[in-house]
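Here are a few questions and answers for a first look at this structure. Keep the view open as you read.

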Amino acid sequence: MSQPPAMPASAKALFIAAEVRRRIIGREWRQGDRIPDEAALAITFGVARATVNKALQLLAEEGLLERRRRAGTRVAVDPARKAVLTVPIVREQIEAAGFPYGHRIIASRRSPLPAAIARRMGLTAGLTALHLREVHYAGNRPWQLEDRWINPRAVPDIEAVDFRQLNSNEWLVRNAPYIRATMDVSAANADRREARLLDIRQGQALLIVNRTTFNDIGPITSVRLAFQPGHVMVAD
């Protein structure tokens, strides 16, 4: 590992934080793994231990690391969920509400990015991405409709995932930590397809959430979530 170039201590801390973040995103250090201690990292990067401490604290504040006295520093479990913008696991939400969880893949294919999605993700329209449509169920009742685009360049492991076994929301939360995200909330009337998949009347008002997450490589995923009429979104 080459040492960081000559720079102020604060800039060195940012450099180290970026390198540790890269290792977490690249899954060199996986969720729950204990990372080298501050003294070892100080030697690796050729900096003072206090500079390493500052870098690790930045990542702890992002939610990527868990730091405990005498227990060392570990990569956080479900790290993205601890960031400022929380991405919930829909299965856990449904089970917490007292219902058995289920999900169904409506469509899964590689497709060119539409212009509107490309703008959200900061990519060029027409680039190939993985396009998924899923319905999440609470018991036998549809709970949430998900229309998702995944950038395989930012998530290379995506090629081997069978989303019939584990829904994309949960897999991405657990395996593709993000460092920033955008989200907007709106309302829309259900079109014919949404009405059919959510088992409601066409034209009923739906809560719509559009969310895009990014890592150091680029955009991870952009998803449009359509909820059952009457759904209440609660911030933790």
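A charge sits over a ring if NZ of Lys or CZ of Arg is within 6 Å of the ring centre and within 35 degrees of the ring normal. This is a predicted model: local features need pLDDT of at least 70, side-chain atom pairs count only at pLDDT 80 or more, and totals for chains, interfaces and linings use all residues. Residues are numbered from 1 along each chain as its sequence is written, and side-chain values use heavy atoms, without hydrogens and water.

Q: Which residue lies over the face of F214?
A: The charge sits 3.9 Å from the ring centre of F214. The residue is R180.

Q: Which residues form the aromatic pair?
A: A search of the whole structure finds one such pair (Phe, Tyr or six-membered Trp rings, centres within 6.5 Å). Its planes are 90° apart and its centres 6.4 Å apart, which makes it edge-to-face (planes over 60 degrees apart). Both residues are buried (under 20% relative accessible area, 1.4 Å probe, protein chains only). They are F163 and W171.

Q: Which element gives the most to the largest nonpolar core?
A: A nonpolar core is a set of buried Ala, Val, Leu, Ile, Met, Phe, Trp, Tyr and Cys residues joined through side-chain atoms within 4.5 Å. The largest has 18 residues, and I16 and V20 are among those that touch the most other members. Helices here are DSSP runs of H or I, at least four residues, numbered from the N terminus. With five residues, the top contributor is α1.

Notes
Rings of Phe, Tyr and Trp (its six-membered ring) pair if their centres lie within 6.5 Å; planes under 30 degrees apart count as stacked, over 60 as edge-to-face and the rest as tilted. Buried means under 20% relative accessible area, exposed over 50%, partly exposed in between (1.4 Å probe, protein chains only). Helices (H or I, at least four residues) and strands (E, at least two) are DSSP runs, numbered from the N terminus.
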